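Reader: I'd like to learn how to read a model like this one. Can you walk me through it, feature by feature?

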Amino acid sequence: MTAVSAREAFADEELPGIEAAIERAVGRLGEPIRAAAFHAMRAGGKRVRPLLTVAAFRAAGGTGDGVYPVAAAVELIHTYSLLHDDLPCMDDDSMRRGIPTAHRVYGERVALAAGAALQHLAFLSLAEATAEEPDSFDVLPAMARRLAIAAGPEGMVGGQFLDLVAEGTAPDAAGLEAIHRAKTAALLSAACALGGEAAGAEPEIVDALAEYGTHLGLAFQIVDDLLDVTGDPSRTGKTSGADAARAKATYPAVHGIEGARGQAEAAAGVARVALTALADRAGVEILLETLDFVVDRIH
Ligand code: GRG
């Protein structure tokens, strides 16, 4: 029998609550937007971000079910971003997570609407999380602000736009890191910090979780870039070489494959150091294993 890692056991335990919160949120939609949104949400994503939110919540001392709609909010934002990223006016991808993209199945207008709807459902899920847990009502403005900043023009939307305009140019290492920080690391950082905030953790702990998430996010995007060059499409669920075909700014393009691997390991190292602020609280082990899970995909 294969040994089950603590992260896998944690996922088995927490995923049903996360999935139920996602189903509840998306179930509000009417057809045909609902079908396109469920297509994207149920396509088999790894659920890295909501699992991080729950792990950070537990590591910060949170108990109970109140975190699930917060975790779902982060995954709703993430999935909207993938859905829009695949549209013809962006990357025009036909496969995602190993299945046809939403716009290929439901058409571009419905897919666009489904992505837009997921953004609003995310904030609704966040608001309802605090409505169900009156003790956490005080932190709702801070959590909504954090998620909006991470997803918006200072974060993911801004990073995606920088990435699009950088296509065909040769950004330097600093420019590339700025893109990755905004496009990918900002949401992963918010995923972790929101778990801390939902648990009512003190600011130093929330900041340490945000710092961990930023560097995990940088490692994550570097690995994503590497897998585009070296990954097996049957495992990644995506077409290999798509970034190079579009002359995209990537870590392997700027640093070479070995250089990019080194950068991923270095970012993971900074994330590990950030976690020392949480000492050996229960749940930190899951955050540490998530780093290994992310970086091990390149070996
Ligand atoms: C209109 C400019 C503009 C932006 C809209 C489309 C968009 C917002 C943002 C795109 C952000 C994006 C595609 C970031 C990439 C993040 C990334 C590494 C995704 C892969 O995440 P995984 O591996 O995916 O967690 P799964 O499928 O497992 O959920």
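Author: We'll go through the ligand site, a helix, the core and a few backbone details. Keep in mind that this is a predicted model.

Reader: Let's start with the ligand. How many residues surround it, and which are the closest?

Author: For a site, list the neighbours and then look at the polar atoms. Here 20 residues surround the ligand, and the closest are K46, R49, H78, R97 and F220.

Reader: Which ligand atom is 2.5 Å from the side chain of K46?

Author: An oxygen atom of the ligand, which sits at that distance from an N or O atom in the K46 side chain. R49 has a polar side-chain atom 2.8 Å from a ligand oxygen, and for H78 the distance from a side-chain N or O atom to an oxygen of the ligand is 2.8 Å. As for cover, the ligand has 760 Å² of accessible area on its own, and the protein covers 89% of that.

Reader: And what is the shell around the ligand made of, by residue class?

Author: Seven of the shell residues are nonpolar, seven are polar and six are charged. You can also sort the shell by element: α4, α8, α9 and α10 (203–230) each give at least two residues. The largest share, six residues, is from α4.

Reader: α8 is on that list. Which of its residues are buried?

Author: For a helix, ask which residues are hidden and then what hides them. In α8, which runs over residues 156–166, the buried ones are M156, G158, G159, Q160, D163 and A166. Their cover includes α4 (68–85), α7 (140–151) and α9 (173–198). After the helix comes G168, with a positive phi near 85 degrees.

Reader: Now the core. Which residues have the most contacts inside the largest nonpolar one?

Author: The general idea is that in soluble globular proteins, nonpolar side chains tend to be buried together. In this model the largest nonpolar core has 92 residues, and V26, L118 and Y212 have the most contacts inside it. α10 supplies the largest share of this core, 14 residues.

Reader: What does Y212 touch, once its neighbours within four places in sequence are left aside?

Author: Y212 is in contact with L52, C192, A271, A274, L275, L287, T290 and L291.

Reader: On to the backbone. Where is the positive phi of R97 located, in terms of elements?

Author: When a residue other than glycine has a positive phi, check its place in the fold and its burial. R97 has a phi of about 55 degrees and is in the loop between β1 (95–96) and β2 (99–100). At 18% relative accessibility, R97 counts as buried, because the cut-off is under 20%. R47 also has a positive phi, near 60 degrees, and is not a glycine. R47 is in the loop between α2 and α3 (48–59), and with a relative accessible area of 7% it is buried.

Reader: And the peptide bond from E31 to P32: cis or trans?

Author: Read omega for that. The bond is cis, with omega near 0 degrees, and P32 is in the loop between α1 (6–26) and α2 (33–41).

Reader: One last check: is L124 buried, exposed or partly exposed?

Author: Partly exposed, at a relative accessible area of 34%. L124 lies in helix α6, residues 108–132. Between L124 and D86 there are 24 Å in space, C-alpha to C-alpha, and the two are 38 residues apart in sequence.

Note on methods
Residues numbered from 1 in each chain as written. Predicted model: local features only at pLDDT ≥ 70, side-chain atom pairs only at ≥ 80, totals over all residues. Heavy atoms only, no water. Buried < 20%, exposed > 50% of the residue type's maximum accessible area, 1.4 Å probe, protein only. Helix = DSSP H or I, 4+ residues; strand = E, 2+ residues; numbered from the N terminus. Contact = heavy atoms within 4.5 Å. Near = heavy atom within 4 Å. Polar contact = N/O pair within 3.5 Å; in protein donor to acceptor, adjacent residues only side chain to side chain. Areas by Shrake-Rupley, 256 points an atom, 1.4 Å probe, with all protein chains shown as cover. Nonpolar A, V, L, I, M, F, W, Y, C, P; charged D, E, K, R; others polar. Core = buried A, V, L, I, M, F, W, Y, C linked by side-chain atoms within 4.5 Å.
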